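Thanks for coming. I will go through the empty spaces in this one, and then a single residue.

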Amino acid sequence: MIKLIPLTLLFLFASALVAGAADEQIYLAPDAFLTDAFGTAPPPSMLWITAEIQPDIEKILGHPPPRLRQRYWKDGAKTAWILEEIGKEEFITAGFVVVNDRIEKARVLVYRESRGMEVRYPAFLRQFEGTQLAERQRLSKRIDGIAGATLSVWAMERMARTALYFHRHLQK
């Protein structure tokens with residue numbers, strides 16, 4: 001009986017690891033997203049999150065930016081951003097293509113939450129197309145929510161606002 005307890009605990013721990021790994025759903029590889037956006041992806045560039053823009057990013061995200069630099073791809077007036085933001089408990093990885101200060105395309109690349117994955121559907125993502133930054137770093141149009149996916153919707157909105165802000169900052 002005593003020998004069964006460690007084996008049972010080991011089994012439960014291994015099951016939890018496998019279950020956690022199963023929650024990650026890769027819907028579109030970053031390379032495929034960039035190829036779709038540009039044809040042939042330009043080399044990546046780096047935007048440093050300086051003291052000048054950090055307060056604005058903190059207001060958009062509701063927390064300090066997770067890193068001091070952000071990778072992006074640029075070809076002419078078009079930029080592409082691959083961003084991550086916490087939904088409820090896990091990161092959502094999304095890609096945004098911005099042209100002329102408007103979102104041209106939004107895609108969920110990797111989804112790690114146990115619920116709310118409806119944000120990956122084209123019907124939801126199309127709402128971001130044509131959106132730009134309005135006053136106080138808000139989106140220019142309202143994004144309809146999804147019942148049961150509120151935190152994932154909010155995370156997508158924050159990432160869209162961040163991509164638009166970064167794009168605008170590069171254009172200065």
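A word on terms before the cavity lining: Ala, Val, Leu, Ile, Met, Phe, Trp, Tyr, Cys and Pro count as nonpolar, Asp, Glu, Lys and Arg as charged, and the others, Gly among them, as polar. Please also keep in mind that this is a predicted model.

So, the cavity. Searching the whole structure for cavities of 30 Å³ or more turns up one. Its volume is about 130 Å³. The lining of this largest cavity is made of 14 residues, and those nearest its centre are Leu61, Pro66, Gln70, Leu83 and Thr162. Four elements give two or more residues each to that lining: helix H3, residues 54-61; strand E3, 69-75; strand E4, 78-86; and helix H5, 150-171. By class, the cavity lining holds eight nonpolar residues, two polar and four charged.

Next, the pockets. The largest pocket encloses about 200 Å³ of space. Which residues line the largest pocket? They are Met46, Arg67, Arg69, Gln70, Arg71, Trp73, Ile82 and Glu84. Strands E3 and E4 each contribute at least two of them, with E3 supplying the largest share, four residues. The split here is three nonpolar, one polar and four charged. Note that Gln70 appears in the lining of this pocket and also among the residues nearest the cavity centre.

The second largest pocket has a volume of about 160 Å³. Its lining consists of Lys88, Glu89, Tyr111, Glu113, Ser114, Arg115, Gly148, Ala149, Thr150, Leu151 and Ser152. Helix H5 gives the most, with three residues. The classes are three nonpolar, four polar and four charged.

Last, the single residue, Thr79, which sits in strand E4. Is Thr79 buried or exposed? Thr79 counts as buried because its relative accessible area is 0%, and the cut-off for buried is under 20%.

What is Thr79 in contact with, once neighbours within four places in sequence are left aside? The contacts are Phe38, Trp73, Lys74, Phe96, Val97, Val98, His167, Leu170 and Gln171. With His167 there is also a polar contact between the side chains, at 2.7 Å. Trp73, another of these contacts, lines the largest pocket as well. One further distance: from Thr79 to Val99 is 20 residues in sequence, and 6.6 Å in space from C-alpha to C-alpha.

That is the end of my part; I will take questions now.

Terms used. Residues numbered from 1 in each chain as written. Predicted model: local features only at pLDDT ≥ 70, side-chain atom pairs only at ≥ 80, totals over all residues. Heavy atoms only, no water. 1 Å grid on protein atoms, 1.4 Å probe; cavity = no way out; pocket = protein on both sides within 12 Å on 5 of 7 lines; lining within 4 Å. Points joined across faces, edges and corners; volume = space filled by probe spheres on them. Buried < 20%, exposed > 50% of the residue type's maximum accessible area, 1.4 Å probe, protein only. Contact = heavy atoms within 4.5 Å. Polar contact = N/O pair within 3.5 Å; in protein donor to acceptor, adjacent residues only side chain to side chain.
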